[in-house]
Amino acid sequence: MNSAAREVWFVTGSQHLYGPGPLAQVAEHSQTITASLNAEATLPVRVVFKSVLTTADEILRLCREANSAENCVGLILWMHTFSPAKMWIAGLTSLTKPFLHLHTQYNRELPYATIDMDFMNLNQAAHGDREFGFITARLRLARKVVVGYWQDSETVADIAAWSRAALGWNESQTLKVARFGDNMRNVAVTEGDKVEAQKVFGYTVSGFGIGDLTDCMAQFGDDDVAKLVSEYHDTYLIAAEHDKPEPLAVAARIELGLRAFLTEGGFGAFTDTFEDLHGMGQLPGIATQRLMASGFGFGGEGDWKTAALVRIMKVMAAGLPGGTSFMEDYTYDFAGAPKILGSHMLEICPSIAAGKPTVEVHPLGIGGKSDPVRLVFTSPAGAAVVASIVDMGNRFRMIVNEIDVVDPPQQMPKLPVARTVWLPKPNLKVAAAAWIYAGGAHHTGFSQALTMQHMEDFAEIAGIELVRIDSETKLHQLRRELTWTDAAYRIGR
Ligand code: MN
């Protein structure tokens, strides 16, 4: 993804009441703020100052322009002065791009000794933004309100986080998910309404037979395969006992085929299932892991919702320190502060590896195929989030838990898969109960780059329900919240 080409438009609202002098000043101040934001390394997009809008026609025209501008992922709207908000109704109701309402003021300090009515008329975002806030509330529009002085790091961080959510949303609109085989038989949570998902998130999910993939794998010559196997040797550690030419060659051919299939088809995410691997030789392990590291989303066992989510999270996280992976709550350590060991049969992204991964070949208990090749590693300690999107029948719900990844208390020399150990917030007892009451899946998007704020901003833009599980979560409150939210969605429909 080339997020450098992505833009957020900075638009300032005003009116003609003040005359050309103040309006010129409003424009100048807006340009100064835009330049200041663009000087911030943390902003993942270019901020483009468009204009000071003073009439309903101008506002509508700009919103339509934003809708059709491919590089524009969202708008920052600021009422430097007072912009009567009926002027915004036509524009805002036609706007299809996300917007952030920036509530700031050009002057940091009040000039007590010199303040006069000219200053008051120019610097009146304090009430101009409230007028704008009313109309966005009255229109029930999804939005992010950021309050703070425009040079403060917290304000910039809020804008940066929202910009990342807008980038994720932009990706979601055109994302194509390839689905090899169906969902794992009888599993409920990985299912969902694909038509509704396309309506809500924009992405498409297309099914393919495994034969389509094996045809693609067969196109590669043995020299291509040998070249990729030697790349494995150069990139990872391979102990002599795992340096098995045949399984490595099978795995490399799967990677070549999968990568070509996804790239040629314009897919950004994929899913497969061990129940449907005719002619594959192995369940894709290292192939899926390396494709995730290249930016593809993935979900196991036909879980297309998580595959799309992992891709969107990777786009949101691009350029930030810390990796993003498909994840599964696997098993617990109830000793001491209870911890979760997250892993999967094979498919964890090496972007979350603390050191150089090892290539290992081990038998797989399920799937009935030959021993798959996989990368084994442990992820570094630090803050992270896990997120799950489930289909509640009348809506999508996203459940997000803030977690602290820790160094595993002991080595796990016999565990043949990549792993990460974490303490969920506020603790396992509350977090797991909250997750289960909310119906969160065992599959998640895991990120050491993103925070709750990124996920919350994305949920707001997407217009989906968000269940937050963090250090402040109280189970009795969360259970009431789930009941009330459920009622609200029934009424809303
Ligand atoms: Mn799974």
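These are my notebook entries on a predicted model, taken up site by site.

**Metal site**

I began with the manganese ion and looked up its donors, which are Glu 301 and Glu 328 through OE atoms and His 344 and His 443 through NE2, at 2.1 to 2.2 Å. I then wrote down how these donor residues are spaced in sequence, and the pattern reads E-x26-E-x15-H-x98-H. Placing two of the donors on the secondary structure, I found Glu 301 in the loop between β9 (297-299) and α12, and His 443 in strand β17 (residues 443-447), so this pair ties together parts that lie 142 residues apart in sequence.

Are Glu 301 and His 443 buried or exposed? I checked each against the cut-off for buried, which is under 20% relative accessible area. Glu 301 has a relative accessible area of 8% and is therefore buried, and His 443, with a value of 0%, is buried as well.

**Open sheet with β9**

Since β9 borders the loop that holds Glu 301, I followed this strand into its sheet. It belongs to an open sheet of four strands in the order β7-β6-β8-β9, with parallel pairing. I noted β7 (204-208) and β9 as the edge strands, each of which pairs on one side only, and an average twist of 20 degrees from one strand to the next. Looking at one pairing in detail, I found that strand β8 (residues 269-271) and β9 run in the parallel sense and are joined over three bridges, with Thr 271 standing opposite Gly 299 in β9.

**The β12 and β13 pair**

For an antiparallel case I turned to strand β12 (residues 358-361) and β13, which pair in that sense over four bridges; here Val 359 stands opposite Leu 375 in β13. I reminded myself that side chains of a regular strand alternate between the two faces of the sheet. In strand β13 (residues 373-376) I therefore looked at each side, and both faces are covered, with Val 373 and Leu 375 buried on one side and Arg 374 and Val 376 buried on the other.

**Largest pocket**

I next looked up the largest pocket, whose volume is about 320 Å³. Of the 19 residues that line this pocket, I listed those closest to its centre as Glu 70, Asn 170, Glu 171, Gln 173 and Thr 174. The elements that give two or more residues to the lining are α2 (56-68), α6 (153-174) and α12 (304-317). Which of the elements gives the largest share of the lining? That share is seven residues, and it comes from α6. By residue class, I recorded the lining as eight nonpolar, six polar and five charged residues.

**Two single residues**

Staying with helix α6, I looked up Val 156, which has its place there and, at 3% relative accessibility, counts as buried. Its C-alpha is 14 Å from that of Phe 10, while the two residues are 146 apart in sequence.

My last entry is on Glu 472, in the loop between β18 (465-469) and α15 (475-492), where a relative accessibility of 64% makes this residue count as exposed. I also noted that Glu 472 and Pro 426, which are 46 residues apart in sequence, lie 6.8 Å apart in space from C-alpha to C-alpha.

Note on methods. Residues are numbered from 1 along each chain as its sequence is written. This is a predicted model: local features need pLDDT of at least 70, side-chain atom pairs count only at pLDDT 80 or more; totals for chains, interfaces and linings use all residues. Side-chain values use heavy atoms; hydrogens and water are left out. On a 1 Å grid over the protein atoms alone, a cavity is a set of points where a 1.4 Å probe fits but cannot get out, and a pocket is an open set with protein on both sides within 12 Å along at least five of seven lines; lining residues have an atom within 4 Å of a point. Grid points are joined across faces, edges and corners, and a volume is the space filled by probe spheres set on the points. Ala, Val, Leu, Ile, Met, Phe, Trp, Tyr, Cys and Pro count as nonpolar, Asp, Glu, Lys and Arg as charged, and the others, Gly among them, as polar. Donors are N, O and S atoms within 2.8 Å of the metal (3.2 Å for Na, K and Ca); water is not among the atoms, so sites may look incomplete. Buried means under 20% relative accessible area, exposed over 50%, partly exposed in between (1.4 Å probe, protein chains only). Two strands pair if DSSP finds at least two bridges between them. Axes are lines fitted to C-alpha atoms, for helices over the stretch in contact, and angles run from 0 to 180 degrees between N-to-C directions.
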